[in-house]
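Trainee: I should like to learn how to read the packing of helices and strands in a protein model. Please guide me through one example.

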Amino acid sequence: MEPQEILSFISSRASAKVPGDGEVSLEEIIRALEVATSAPSAHNSQPWRFVVVKDPGVKEMLLEEMAKAWRKDLREDGLDEKSIDEIVKASTERSMRASAIIVACLTMDDMHEYPDDRRRMCEHTMAVQSVAAAIENMLLAFHAMGISACWRSSALFAPEAVRKVLRIPDRFEPQAIVEVSRGGTSSKPPRKPLNEVACLNFWGNAIR
Ligand SMILES: Cc1cc2nc3c(=O)[nH]c(=O)nc-3n(C[C@H](O)[C@H](O)[C@H](O)COP(=O)(O)O)c2cc1C
């Protein structure tokens with residue numbers, strides 16, 4: 001592949017907001033996880049951990065438990081029960097279509113320890129950034145294999161639910177789920193012009 005083709009390929013990745021109903025094999029997921037774990041990480045700590053949920057029963061339990069936590073949040077936001085039902089049901093049904101759900105977790109096990117909050121927070125942020133790099137690698141790997149994927153933050157909002165169903169010990173922090181399927185629907189939303197998000201030398205100085 002020529003560099004231009006590789007760059008176009010990276011740019012053409014898009015989130016499959018509606019998963020397709022085609023099967024993704026465990027072998028394909030393992031290949032994507034291998035690529036995910038080749039991502040850079042702070043101190044090469046590799047603070048990512050993944051749980052691949054393939055079993056439909058486990059997937060259902062996971063989505064139901066996360067839905068309970070989400071319902072609670074929406075109730076606290078003041079939404080009425082009918083609206084909550086509609087929102088949660090639509091999302092859960094969509095996620096159920098996915099062939100697999102990959103839960104990405106973070107661990108501070110191999111990160112540096114500091115006595116002060118400021119540096120502890122920096123270390124935690126570095127771990128989050130490392131896990132995010134691995135997730136992006138994973139999305140690109142699925143894209144290369146023609147597999148639909150979508151990064152969803154639901155696990156971050158319902159960590160106890162995720163830990164409970166998947167039997168994840170407390171020190172692992174659920175960060176995201178990646179839904180994988182075949183034949184999903186995506187439409188890449190537009191990006192801000194580069195001049196709005198990048199500067200040259202000084203803040204506010206146009207990049208081009
Ligand atoms: C940290 C993060 C959290 C996301 N959470 C969700 C989510 O909860 N639900 C969802 O449908 N998409 C989620 N996405 C996908 C974004 O909506 C998507 O990447 C964005 O709209 C750009 O579209 P594209 O990925 O097709 O380029 C998330 C993406 C990131 C990086």
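Mentor: Let us begin with a convention: axes are lines fitted to C-alpha atoms, for helices over the stretch in contact, and angles run from 0 to 180 degrees between N-to-C directions. Helices (H or I, at least four residues) and strands (E, at least two) are DSSP runs, numbered from the N terminus. The model is predicted: local features need pLDDT of at least 70, side-chain atom pairs count only at pLDDT 80 or more, and totals for chains, interfaces and linings use all residues. Residues are numbered from 1 along each chain as its sequence is written.

Trainee: How many helices and strands does the protein have, and in what order do the elements run?

Mentor: The protein has eight helices and four strands. Starting at the N terminus, the order is α-α-β-α-α-β-α-β-α-α-β-α. The C-alpha trace spans about 50 × 45 × 40 Å along its principal axes.

Trainee: How are the strands of the sheet ordered?

Mentor: In general, strands of a sheet pair through backbone hydrogen bonds, either parallel or antiparallel. Two strands pair if DSSP finds at least two bridges between them. Here four strands form an open sheet in the order β1-β2-β4-β3, and the pairing is antiparallel. Its edge strands, β1 (48-53) and β3 (148-152), each pair on one side only. On average, neighbouring strands of this sheet are turned by 25 degrees against each other, direction ignored.

Trainee: How many bridges join β2 to β4?

Mentor: Strand β2 (residues 100-107) and strand β4 (residues 172-181) run antiparallel and are joined by eight bridges. As one case, Ala104 has Ala176 of β4 as its bridge partner.

Trainee: Which strands does helix α5 touch as it packs on the sheet?

Mentor: Contact has a cut-off: two residues are in contact if their C-beta atoms, placed from the backbone, lie within 7 Å. Helix α5 (residues 117-144) touches β1, β2, β3 and β4, and its direction makes about 10 degrees with that of β4. Helix α7 (residues 159-166) also packs on the sheet, touching β1, β2 and β4, with its direction at about 75 degrees to that of β4.

Trainee: How should I describe two helices that pack together, and at what angle do α3 and α7 cross?

Mentor: Two packed helices are described by the angle between their axes and the distance between the axes. The axes of helix α3 (residues 56-76) and α7 come within 8 Å, crossing at roughly 155 degrees. Angles under 35 degrees count as roughly parallel, over 145 as roughly antiparallel, 65 to 115 as roughly perpendicular and the rest as oblique. The helices α3 and α7 are therefore roughly antiparallel to each other. Among the residues making the contact are Met61 and Leu62 of α3 and Val162 and Val165 of α7. As for classes, Ala, Val, Leu, Ile, Met, Phe, Trp, Tyr, Cys and Pro count as nonpolar, Asp, Glu, Lys and Arg as charged, and the others, Gly among them, as polar. This contact has eight nonpolar, no polar and three charged residues.

Trainee: At what angle do α3 and helix α4 cross?

Mentor: The axes of α3 and helix α4 (residues 81-97) come within 10 Å and cross at roughly 155 degrees, which means that α3 is roughly antiparallel to α4. The contact includes Leu63 and Trp70 of α3 and Ile84 and Ile87 of α4. By class, the α3 and α4 contact divides into eight nonpolar, two polar and four charged residues.

Trainee: At what angle do helix α2 and α5 pack?

Mentor: Helix α2 (residues 26-36) packs against α5 at about 135 degrees, with the axes 7 Å apart, so α2 is oblique to α5. Leu33 and Val35 of α2 are among the residues in the contact, as are Ile135 and Phe142 of α5. The contact of α2 with α5 has nine nonpolar, one polar and one charged residues.
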